Amino acid sequence: MYNNISPSFQFFELSQDYFLVVDQGGSLIHTNASFNKASGWTAKAFPIKPNQYLAASADPASFLTLSPEDGARSATLTGCEGQTVEATWSVIEQEDYKVYVGIPPKDSLNPQALVDSYQQMAFLLDMYGNMIACNHTALKSLELVSDEKAIVGASLLNFIPKSEQRDYASLIRAGLNGEKKNITRRLNFNFGRDRWLDVNIGPISDKDGRVRQVRLTAQDITERKRAEERFKELEISYRSIFRQLAAGILLYDLDLTLLQANQGISDILGYTSEELVSRGTFDFTHPDDRKRSNLMARKLLHGELDHYSLEKRYIHKNGEVVWCLLTATIVSDLNGKPKHVISVIQNIEKQKRIEEDLRFKKNELDAFVHRASHDLKGPVNSLLALYDVVVAELKGQDQALEYFGHYNKNIRRLHDIIQNLLDLSRIKDIKAHFKPVEIRDIVDESEELLRHLPNYENITFEHKYDLPDQVHSDRTLLSTIIQNLIENAIKYSNPMLQGVVNIHIKHQDGLLTIAVEDNGIGIKEEVQPKIFDMFYRATNQATGSGLGLYLLKNAVDKLEGKIDFESKYGQGTTFTIFLPTEGATHTADALPN
């Protein structure tokens, strides 16, 4: 069959045999893929002189003078790296070329010696559409792998449904007319499994230029088509979500040019999609938010962020300000290369109004608490002073003094609540100011202020300081922290034991650590998560306002510090406070837990 192949080399690449094209001077000017694989030659090496590709074991003169009449002869050729290529060679003579056809050992020249490793279905058809040969992939597709002889002489149309036969017959006629055609069709080869095929057909001419045969190749693209169909379904779903989602969706290119805007963003801002795309949403961003918006977008594009969320203001078409939550991320292609920026925008105007209303009410409440506490402080102080007068006047009247003692205890408690509320109001309003502070003085002052508490005289205070004379911190907040730690240790001391309070304060690498340990009654494990809540008292023994540890936590938060505590019920409690001082490199997240 090879004698009918023209030197256009149309069918060479489908064969597992070796094809060499030699010019009249004996130089090698073309080889097919099978020979290239065996020899290592590439097209870049052409033309190649005879002494470069004929091995010593071959007779150069006899090999180059082979003619079709000589039949088949064995010869060994040399590969580009010295490897030997053995084959039985026959010759097809053309006007300006010789085509050497080599059959590797254990093969013979036959029309079915097509490349079985070729992944497309390949058929060689005669003028009537009958199959002369096909490769392994074609046989497998026709489910005739074990019966190769069944296809020889059979019409390809026999394996194609009748509904498709006319189109394929037209293709074959086009090939016989010298045309090359390509179609993509859904087809099953009469065995019930639909598949998509990309079909190419072309003519094969003899040495006189007459078309005698047709080559037909078909690539199974079923998986690709299924993937395309799935992609279309996803695209339809995406477009449906894009159109119907109440939130705004914006699609930008990598230059931050707006490409698409959905109806959701139109509803939020009052502009049509066309108006938004023509101008870009940065034009509708509130002037005070543009710099920050651009900065975050640039960080996203430069790979510093994989996404970001931002509360920002837009200007509605009617001129009103609209608060929105914007979330932006990069959309990459299948190879992971950034392709678009997509932003989802939610209208949070109602949420912002609620927040503003709560903030207003909170400020009003804070102002009321501060004013009421301040107005009550004077009368309460007067009552406390009155008690001292009563004690002096009623000496010896034990019954009356006992009654006034109960009265004084409740007045003292009211005084503590008012003072704590005032302290809380002051802490929430102030901003931390770091100045040189003498820690030892704050400890001494706190202990002196707490002398009036019951059990104070029954407690031994032990101090350890590992710090310079001064550290940089906020004195007011630091006083609140230390005083509440010591007060807590006194109030919850064990009346059955000699109380001991160990105060250890150190300063190292910009971190101030305050530890206060007592041997008091301790805190039950089940209530430990609540001890920093406002007005919470852990035991019935507690006589305070329930604001002490709440105040402590607020002061620590103001200084961007952290609190740690350990407690065993009946044995005692240790509070440890970690506070960064001025000039420290610590952040709240980096502090010990």
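How many bridges join strand β14 to strand β15? In this predicted model, the count is nine, and the two strands, residues 321-332 for β14 and 338-347 for β15, run antiparallel.

## The β14-β15 hairpin

Let's start with this pair. β14 and β15 form a hairpin, with five residues between the two strands. If you look into the turn, you will find G336, which has a positive phi of about 85 degrees.

Two residue pairs help to trace the register. S332 of β14 stands opposite P338 in β15. Elsewhere along the hairpin, L326 has I345 of β15 as its bridge partner.

## The sheet around the hairpin

The hairpin belongs to an open sheet of five strands, in the order β12-β11-β15-β14-β13, and the pairing is antiparallel. At the edges are β12 (258-261) and β13 (307-315), each of which pairs on one side only. On average, neighbouring strands here are turned by 25 degrees against each other, with direction ignored.

As a general reminder, strands of a sheet pair through backbone hydrogen bonds, in either a parallel or an antiparallel way.

## The other neighbour of β15

In the strand order, β15 sits between β11 and β14. Strand β11, residues 248-252, is joined to β15 by five bridges, and these two strands also run antiparallel. A handy residue to pick out here is I249, whose bridge partner in β15 is V344.

## A helix across the strands

Finally, have a look at helix α9, residues 290-301. This helix lies across β13, β14 and β15, so to speak over both strands of the hairpin. Relative to β13, α9 runs at about 150 degrees.

Key
Residues numbered from 1 in each chain as written. Predicted model: local features only at pLDDT ≥ 70, side-chain atom pairs only at ≥ 80, totals over all residues. Heavy atoms only, no water. Pairing = 2+ DSSP bridges. Helix = DSSP H or I, 4+ residues; strand = E, 2+ residues; numbered from the N terminus. Axes fitted to C-alpha atoms, helices over the stretch in contact; angles between N-to-C directions. Contact = heavy atoms within 4.5 Å.
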